[in-house]
Amino acid sequence: FMFQAPPQHAHFVRIDNGKYRQHVNPKFSMLSPEFEPTIDMHPNTAVLHVPAHSNVIIVWRNKSLMDHPIHLHGLKMEILGIHRPHKLKDCTLVKCKLPNVYESTEAIQSLDSIPPYQAVLKDTVVMPAGGAVATRIRTGGPALWFAHCHLEFHREDGMALIMNVGNYSSPRDGTWLPADYPDCNSPFMKSKSDFPSCPCYINEDAILDTALTEDHFCSRDHLCNYVYSMAANAEEYIYPSGVSLRSDYDIDNWAIALIVMSIIAVVTIALVVVTRIRNKEEEKEDEETDRGGAKLELTDIQETIRDIGDVVHQVEKEEEKKEGNQADTSGGDEYDISDGDESGLTDVNNKKRNEQAKTSRQTRGRGSTILVSSGNKIV
């Protein structure tokens, strides 16, 4: 199997070292009694003939840079071996060399020596990119089976083949077919058109060895080697740079591009302006919040100082009042302590303490610290 890189994008299949063909199914079903192989078979239909009631070894090889899941209808495949290439040596940027593993008689005999049904049985196997998969199938009676890449686009583009077991041909009477089998003369079948069969266009200017050769046969008009085909005039379908903008209106392409770019520029500028305005508003809100917090703290300090002043003033009044009461009580009398009058001694000590507290209050009251004496305690 082979994949052709753009601009001649296509998938090809080659059987037994034959030509690379972009596979196309016949226009009419090969199961139909009306099918004539010499007339209805498309020239690019890839058919693999295998004997009936036999063990057949099939090696699937891949030149593509990607893995491909190959599905076989009607039969099971024993996976006898898988080869993965060294991509740095065996592959370029667009394709890989066709792997030559499992080609010798000794290699095939070694694969066939594996006992039957000891390997993994699959109906779908993944071909590694640039690699190969050796399989063995056990065929039954004559039949037609379809094998294809399980990626729908690849299958439709030619990555498929028909396996003809035992040189099958359908009975002419058609009595064995189901009652609802589609009629080849139905409007749908008549509406189908044949794909072309042509030598592929050879692009002599292709790089990286991507040009198709005389061994490639295409099934799409745009790939054929016609004088007016798209492939023959590929340079006209490649835009030199950028993207081409087309319009049904009477406006030049450059005007459309200018309008689009202007709209993008206006939207971008508007977004930048709006973002900056929002950022400034947020900064102002943060500054006002900080100022409000500072004012609140200063107000709390002032109120606290005022409360302390009121308390101190009240305490001073109470102390002056107490001192006045004590002076009135003592009346300036002197006590004689020579006789051991303890009560007299106590009154003299209290009077001295009060005078010292009053002097301390008057002296220190002028500073930042206020001391208030109440009895034997200092407040």
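The following legends describe close-up views of a predicted model of one protein chain.

**View 1. Overview of the chain and its secondary structure.** The predicted chain comprises 379 residues, of which 31% are buried. Seven helices and 16 strands are assigned along the chain. Its exposed area is about 25,600 Å², with 54% supplied by carbon and sulfur atoms. Of the contacts in the chain between residues at least 6 apart in sequence, 71% connect residues at least 24 apart.

**View 2. Asp 40 and its contacts.** Asp 40 belongs to helix 1, which spans residues 37-40. This residue counts as buried because its relative accessibility is 16%, under the 20% limit for that class. Leaving aside residues up to four places away in sequence, Asp 40 touches Pro 26, Lys 27, Phe 28, Glu 34 and Phe 35.

**View 3. Strand 7 and its two pairing partners.** Strand 7 covers residues 77-83 and is mostly covered, with five of its seven residues buried. Strand 8, made of residues 120-122, pairs with strand 7 in the antiparallel sense through three bridges. Within this pairing, Val 120 of strand 8 stands opposite Ile 79. Strand 7 is also joined to strand 10 (residues 132-138) by six bridges, and these two strands likewise run antiparallel. Here Ile 137 of strand 10 is the residue opposite Met 77. In a regular strand, side chains alternate between the two faces of the sheet.

**View 4. The open five-stranded sheet.** Five strands form an open sheet in the order 4-12-11-6-9, and their pairing is mixed. Strand 4 (47-50) and strand 9 (124-127) are the edge strands, each pairing on one side only. From one strand to the next, the twist averages 20 degrees.

**View 5. Detail of the pairing between strands 11 and 12.** Strand 11 (residues 143-149) and strand 12 (residues 160-165) run antiparallel and are joined by six bridges. Leu 144 has Asn 164 in strand 12 as its bridge partner. In the order of the open sheet, 4-12-11-6-9, these two strands are neighbours.

**View 6. The salt bridge between Asp 209 and Lys 95.** Seven salt bridges are found in a search of the whole structure. One of these pairs Asp 209 with Lys 95, whose closest N and O atoms lie 3.7 Å apart. The pair links distant parts of the chain, its members being 114 residues apart. Asp 209 occupies the loop between strand 13 (198-199) and strand 14 (216-218), whereas Lys 95 occupies the loop between helix 2 (87-90) and helix 3 (105-112). Asp 209 counts as exposed because its relative accessibility is 58%, over the 50% limit for that class. Lys 95, in contrast, is buried, since its relative accessible area is 17%. Side chains of opposite charge can pair when their charged atoms come close.

**View 7. Salt bridges of Arg 155 in helix 4.** Glu 152 and Arg 155 both lie in helix 4 (residues 152-156), three residues apart, or about one turn of the helix. The closest N and O atoms of their salt bridge are 2.3 Å apart. Arg 155 also forms a salt bridge with Glu 156, where the corresponding separation is 2.7 Å. Arg 155 is classed as buried because its relative accessible area is 19%, which falls under the 20% limit. Glu 156 is partly exposed, with a relative accessible area of 43%.

**View 8. The network of Glu 78, Asp 112 and Arg 136.** Glu 78, Asp 112 and Arg 136 are joined into one network by salt bridges that share partners.

**View 9. A nonpolar surface patch.** Ile 259, Ile 263, Val 267 and Leu 271 make up a nonpolar surface patch of about 380 Å². Ile 259 lies in helix 6, which runs over residues 253-330. The relative accessible area of Ile 259 is 46%, so this residue is partly exposed.

Technical notes:
Residues are numbered from 1 along each chain as its sequence is written. This is a predicted model: local features need pLDDT of at least 70, side-chain atom pairs count only at pLDDT 80 or more; totals for chains, interfaces and linings use all residues. Side-chain values use heavy atoms; hydrogens and water are left out. Helices (H or I, at least four residues) and strands (E, at least two) are DSSP runs, numbered from the N terminus. Buried means under 20% relative accessible area, exposed over 50%, partly exposed in between (1.4 Å probe, protein chains only). Contact means heavy atoms within 4.5 Å. Two strands pair if DSSP finds at least two bridges between them. Accessible areas come from the Shrake-Rupley method with a 1.4 Å probe; for residues, only the protein chains shown count as cover. A salt bridge is a side-chain nitrogen of Lys or Arg within 4 Å of a carboxyl oxygen of Asp or Glu. Patches are made of residues with over 30% relative accessible area and no salt bridge: like charges are joined within 9 Å, nonpolar side chains (Val, Leu, Ile, Met, Phe, Trp, Tyr) within 5 Å. Axes are lines fitted to C-alpha atoms, for helices over the stretch in contact, and angles run from 0 to 180 degrees between N-to-C directions.
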